[in-house]
Amino acid sequence: MLADPPSESSVFDQFYFSNPYAPEAIRAKHIAVAQEILAMTPRPTKILDLGAGCGWFESELRAQGYLGEYTGVDFSRFGIRMARLNCPLDRPTVFTHADVRTYEPGPHLADALVMSIDLACEPYAQRTLVR
């Protein structure tokens, strides 16, 4: 009997958490994008992160002084569990398990959109910050 093929999420988990560049090299990219977001005028008050992984980008945004709402979406159940553990509950942050290809945000969910997973998957990433 053949085993079921691994899910896209489990394949991603294997890549993401065995990535030799994580987390140190990714952090520099997170800092740069977080600073760019915080330099926007007016400063975004709601950020949507499609591909939030385990919450590293949210943590860096907060470390750089971001106080607004943050919604992180990822299709990795493990990544979302880690994000919820990594990010304190006293912040306006929500992590949602969903496939970003079919995710439907509510009205005015974000002033800025980022795909922080692209920062972890360099050199394949393109510019990922949209306003």
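Select Thr71 to begin; this residue lies in strand S2. The coordinates belong to a predicted model. Thr71 counts as buried because its relative accessibility is 11%, below the 20% cut-off. Now show what surrounds the residue. Outside the four places on either side in sequence, Thr71 is in contact with Ile47, Leu48, Asp49, Val94, Tyr103 and Leu109. One of these contacts, Val94, is also the bridge partner of Thr71 in strand S3.

**Strand S2 and its two partners**

Extend the selection to residues 69-74, the whole of S2, and add residues 93-97, which form S3. The two strands run parallel and are joined by five bridges. Next to Thr71 in the sequence is Gly72, which stands opposite Phe95 in S3. Keep Phe95 marked, as the tour returns to this residue in the core.

Now add residues 46-50, strand S1. S1 pairs with S2 in the parallel sense, again over five bridges. To find one of the pairings, select Leu50 and Val73: Val73 in S2 is the bridge partner of Leu50. How much of S2 is buried? Five of its six residues are, so the strand is largely enclosed by the rest of the structure.

**The two crossovers**

Show the helices that link these strands. From S1 the chain crosses through helix H3 to S2, and this β-α-β crossover is right-handed. From S2, continue into helix H4, residues 77-86. S2, H4 and S3 make a β-α-β unit that is right-handed as well.

Pause on H3, residues 56-63. The buried residues here are Phe57, Glu58, Glu60, Leu61 and Arg62. Just after the helix, select Gly65 and check its backbone: phi is positive, at about 110 degrees.

**Helix H2**

Go to residues 24-38, helix H2. Its 15 residues should span 21 Å at 1.5 Å a residue, and the C-alpha atoms at its ends are 21 Å apart, so expected and modelled spans agree. Colour the buried residues of H2: Ile26, His30, Ile31, Val33, Ala34, Ile37 and Leu38.

Within this helix, pick Ile26. With a relative accessibility of 1%, Ile26 counts as buried. Draw a distance from its C-alpha to that of Ile117: the two residues are 91 apart in sequence, and the distance is 9.7 Å.

**The largest nonpolar core**

Which residues of the largest nonpolar core touch the most other members? Select Ile37, Ile47, Phe57, Leu61, Tyr70 and Phe95; the core has 16 residues in total. Several of them have already appeared on this tour. Ile37 is among the buried residues of H2, Phe57 and Leu61 are among those of H3, and Phe95 is the residue opposite Gly72. Ile47 was listed with the contacts of Thr71.

Two or more core residues come from each of H2, H3, H4 and strand S4 (112-114). H2 gives the largest share, four residues. As background, nonpolar side chains tend to be buried together in soluble globular proteins.

**Two cysteines**

Select Cys54 and Cys87 and show their sulfur atoms. Are these cysteines bonded or unbonded? The structure holds zero disulfides. Cys54 is in no disulfide, and its nearest cysteine sulfur is that of Cys87, 8.4 Å away. Seen from Cys87, the closest cysteine sulfur is likewise the one in Cys54, and 8.4 Å is too far for a bond, since the cut-off for a disulfide is 2.5 Å. Both residues are buried: Cys54 has a relative accessible area of 2%, and Cys87 has one of 5%.

**The whole chain**

Zoom out and colour by secondary structure. The chain holds five helices and five strands. Followed along the sequence, they give the pattern α-α-β-α-β-α-β-β-α-β. The chain has 131 residues, of which 41% count as buried. Finally, display a contact map. Of the contacts between residues at least 6 apart in sequence, 64% join residues at least 24 apart. The pairing of Thr71 with Val94 can be located on the map as a last check.

Note on methods: Residues numbered from 1 in each chain as written. Predicted model: local features only at pLDDT ≥ 70, side-chain atom pairs only at ≥ 80, totals over all residues. Heavy atoms only, no water. Pairing = 2+ DSSP bridges. Right-handed = clockwise from strand over helix to strand, strands pointing away. Buried < 20%, exposed > 50% of the residue type's maximum accessible area, 1.4 Å probe, protein only. Contact = heavy atoms within 4.5 Å. Core = buried A, V, L, I, M, F, W, Y, C linked by side-chain atoms within 4.5 Å. Expected span 1.5 Å × (residues − 1).
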